[in-house]
Amino acid sequence: FKNPLLRWLLVKVGAFPVDRAHPGPSAIKVPVRALKQEGKALMIFPTGSRYSADMKGGAILIAKLAKAPIVPAVYQGPGTFWSLFKRKPIIVRFGKPVDPPKGRLTDEALAAFSDELQENFAALDHAINPHYKYVPDKKKYLEEKEHGEV
């Protein structure tokens, strides 16, 4: 949202900024309202970023409050805008909708549902290409490649 041109585009497609360090109530209220009252779909990274595997509670809380299922989706393809021009395949796969837990959202319920979601994401990833590696940091990737870890 720092780049004015990109911010304009993001706002036009319905995106909104969230301060990860200090998320306010709008980080939950805005998406819940969009799902419940406006009948929109919401794309969110339930791990907080595109490259993490640790589930955060925000996506689950939003789904629970909106009474909306979470549809797992995975992407395998170019990791940067410029690498799109290398004409590598882009694959997006959607899983079956998963309803958020019923009742009170305890730590145990949150952990169990997070595990279930992670299993869904992993199964989708594996079904596309079990050997695909997400490479968020080119420098780290080159270091790993040099040491034979990739």
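Is E38 buried, partly exposed or exposed? With a relative accessibility of 43%, E38 counts as partly exposed, because buried would mean under 20% and exposed over 50%. Keep in mind as we go that the model in front of you is predicted.

E38 has a partner worth finding. Its side chain meets that of K40 in a salt bridge, with 3.2 Å from N to O. K40 is also partly exposed, at 47% relative accessibility. In general, side chains of opposite charge can pair when their charged atoms come close. A search of the whole structure finds one salt bridge.

Now let us go back towards the beginning of the chain. Helix α1 covers residues 4-12, and it is hardly covered by the rest: among its nine residues, the count of buried ones is zero. At the start of α1, look for N3, where a side-chain oxygen comes to within 2.8 Å of the backbone nitrogen of L5. After the helix comes G14, which has a positive phi, near 95°.

Next, move along to the strands. β1 and β2 pair in the antiparallel sense, and four bridges join them. One of the pairings is easy to pick out: V74 has R93 in β2 as its bridge partner. In a regular strand the side chains alternate between the two faces of the sheet. β1 shows this alternation: V74 and Q76 point to one face and are buried, whereas A73 and Y75 point to the other face and are not buried.

Just ahead of β1 (73-76) is a loop that connects it with α3 (57-66), and V71 is found there. At 40% relative accessibility, V71 counts as partly exposed. Which residues does V71 contact, leaving aside its neighbours within four places in sequence? They are F94, G95 and P97. D99 is 28 residues away from V71 along the chain, yet the C-alpha atoms of the two are separated by 8.8 Å.

V71 also leads us to the surface. Together with Y75, F81, W82, L84, F85, I90, V92 and F94, V71 forms a nonpolar patch with about 980 Å² of accessible area. Y75, which belongs to this patch, is one of the β1 residues on the face that is not buried. F85, another member of the patch, is found in the loop between β1 and β2 (91-94). With a relative accessible area of 56%, F85 is exposed, because the cut-off for exposed is over 50%. F94 appears twice on this tour: it is part of the patch, and it is in contact with V71.

How values were computed
Residues numbered from 1 in each chain as written. Predicted model: local features only at pLDDT ≥ 70, side-chain atom pairs only at ≥ 80, totals over all residues. Heavy atoms only, no water. Helix = DSSP H or I, 4+ residues; strand = E, 2+ residues; numbered from the N terminus. Buried < 20%, exposed > 50% of the residue type's maximum accessible area, 1.4 Å probe, protein only. Contact = heavy atoms within 4.5 Å. Patch = residues over 30% accessible without salt bridge, like charges linked within 9 Å, V, L, I, M, F, W, Y side chains within 5 Å. Areas by Shrake-Rupley, 256 points an atom, 1.4 Å probe, with all protein chains shown as cover. Salt bridge = Lys/Arg side-chain N within 4 Å of Asp/Glu carboxyl O. Pairing = 2+ DSSP bridges. Polar contact = N/O pair within 3.5 Å; in protein donor to acceptor, adjacent residues only side chain to side chain.
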